[in-house]
Amino acid sequence: MRGVTPGAEPDAGSDNDADSPSRDPNQAAVSAAGPSTTGAETAGQAGDGVPPEAGPTVGPDDAKGPAGQEAASGSAGSAGSAGSRTARRKPPARRNRGARFLRELVILIAIALVIAVVIKTYAIQAFFIPSGSMENTLEINDRVLVNKIVYDTRSIHRGDIVVFNGDGSWDPGTPLPANSNFVQKFFSGFASMFGFGHPGDILIKRVIGLPGDTVACCDAQGRVTVNGIPLNEQSYLYPDDAPSEQRFKIVVPPSRLWVMGDNRSISDDSRDHEGDPGGGTIPENAVIGRAFVIIWPPSRWRILPIPATFEQPKLNSSSAAAPAGTTAGNAATAALLSARLEPSSPALPLSLGFAVAIPVGWLQRRVRRRAARHRAAKRDART
């Protein structure tokens, strides 16, 4: 039996004693898993009976040491940076897409509406023919396009088919149409597109005499003459219609026009208003524009040119002699047709407006997307 030195504490907490006859099963399990406490703490537990301080549990990652922790931290940082970029580039939510689509649709409709009003008010307008006073050139239910800017670039020509405002032209009690400014015309055009406002007494006739012309009927062959030059009108007059059954002679006053329908026997035109101010002529500033094409029905599609008889050079000679004639009334005036026009539906200007607005909207959307991608690329470069 082995002796023990008096006063010395036994080394009961040592796990490394090879002569120990037995070992605690719990200590063996701990040893197999790896030490979690220091030898001093074990000795303290066995010798002094004082429980050791609880230390941090060592995990698998702690075994890697500082280098392992830095690597894990770097990996996590890279993953977070990549995740933030992915989040920025992630497509917007469906709700955001719907809101953006609605906003762009409203903008597109507004642009199309503004363009339609501008086209209708200042450039081109469609009109519906309700009567036969311009047959066979224009028939009932024809739709014609009227060029409103042509007389900003050239003067009115003989033979033009003009659309004009009859308010004040032949009605002595109605004031002459006033020239509106740009803004007034825009809002008036906007209102009339949707049936509001007063569009006026819109008429359509062919110009026969310009300011200073002497217009008369008839010569020995029954033809209308301008400055003594006879007009051969068979190409546009209603078949078998006489140029005029009324005799007249007038010198067209300054800034006014003498107009007649192509269906002379039923047309209410300058001949029937000689007793009105201007002697039956209409003011040039009442002209809205020139009818230049029939657009409906498709079988009637055609350009409306100036007839060849008005291209005679001698018509411009104001010194040409004009035959004498007498003015006669027409007992059947009440049965005459004035070819009052009705503005066509807003479908055409709106269609033209969308035709212009759609590519404009597509272009601005493409520019906006390109700018957004450029800004995103700059942000990515900074990060």
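A disulfide joins cysteine 217 and cysteine 218, with 1.6 Å between their sulfur atoms. The model is a predicted one, and the structure contains one disulfide. The link of cysteine 217 and cysteine 218 is right-handed, with 45° about the S-S bond. Cysteine 217 has a relative accessible area of 1% and is therefore buried, the limit for this class being under 20%. Cysteine 218, with a relative accessible area of 10%, is likewise buried.

The surroundings of cysteine 217 include a residue from another part of the chain. Glutamate 245 is separated from cysteine 217 by 28 residues in sequence, and the C-alpha atoms of the two lie 8.8 Å apart. Glutamate 245 is placed in the loop that runs between strand E7 (229-230) and strand E8 (248-251). Because its relative accessibility is 69%, glutamate 245 counts as exposed, the threshold for that class being over 50%. Cysteine 217, by contrast, is buried.

The strands on either side of this loop belong to a sheet. Four strands form an open sheet with antiparallel pairing, in the order E7-E6-E5-E8. Strands E7 and E8 are the edges of this sheet, each pairing on one side only. The pairing of E6 with E7 is antiparallel and comprises two bridges. Valine 226 has isoleucine 229, in E7, as its bridge partner.

Nonpolar packing involves several of these strands. The largest nonpolar core consists of 17 residues, and Ile208, Val215, Val224, Leu231, Phe248 and Trp258 are those with the most contacts inside it. Two or more residues of this core are given by each of strand E5 (214-217), strand E6 (224-226), E8 and E9. Of these contributors, E5, E6 and E8 also appear in the order of the four-stranded open sheet.

A further buried position is found in a loop. Glycine 261 lies between strand E9 (256-260) and strand E10 (282-283). Its relative accessibility is 0%, so glycine 261 counts as buried. When residues up to four places away in sequence are not counted, glycine 261 touches Ser133, Met134, Lys205, Ser267 and Asp269. One of these contacts, methionine 134, is 127 residues from glycine 261 along the chain, yet the C-alpha atoms of the two are separated by 5.2 Å. Two loop residues thus fall into opposite classes: glycine 261 is buried, whereas glutamate 245 is exposed.

How values were computed:
Residues numbered from 1 in each chain as written. Predicted model: local features only at pLDDT ≥ 70, side-chain atom pairs only at ≥ 80, totals over all residues. Heavy atoms only, no water. Disulfide = S-S within 2.5 Å. Buried < 20%, exposed > 50% of the residue type's maximum accessible area, 1.4 Å probe, protein only. Contact = heavy atoms within 4.5 Å. Core = buried A, V, L, I, M, F, W, Y, C linked by side-chain atoms within 4.5 Å. Pairing = 2+ DSSP bridges.
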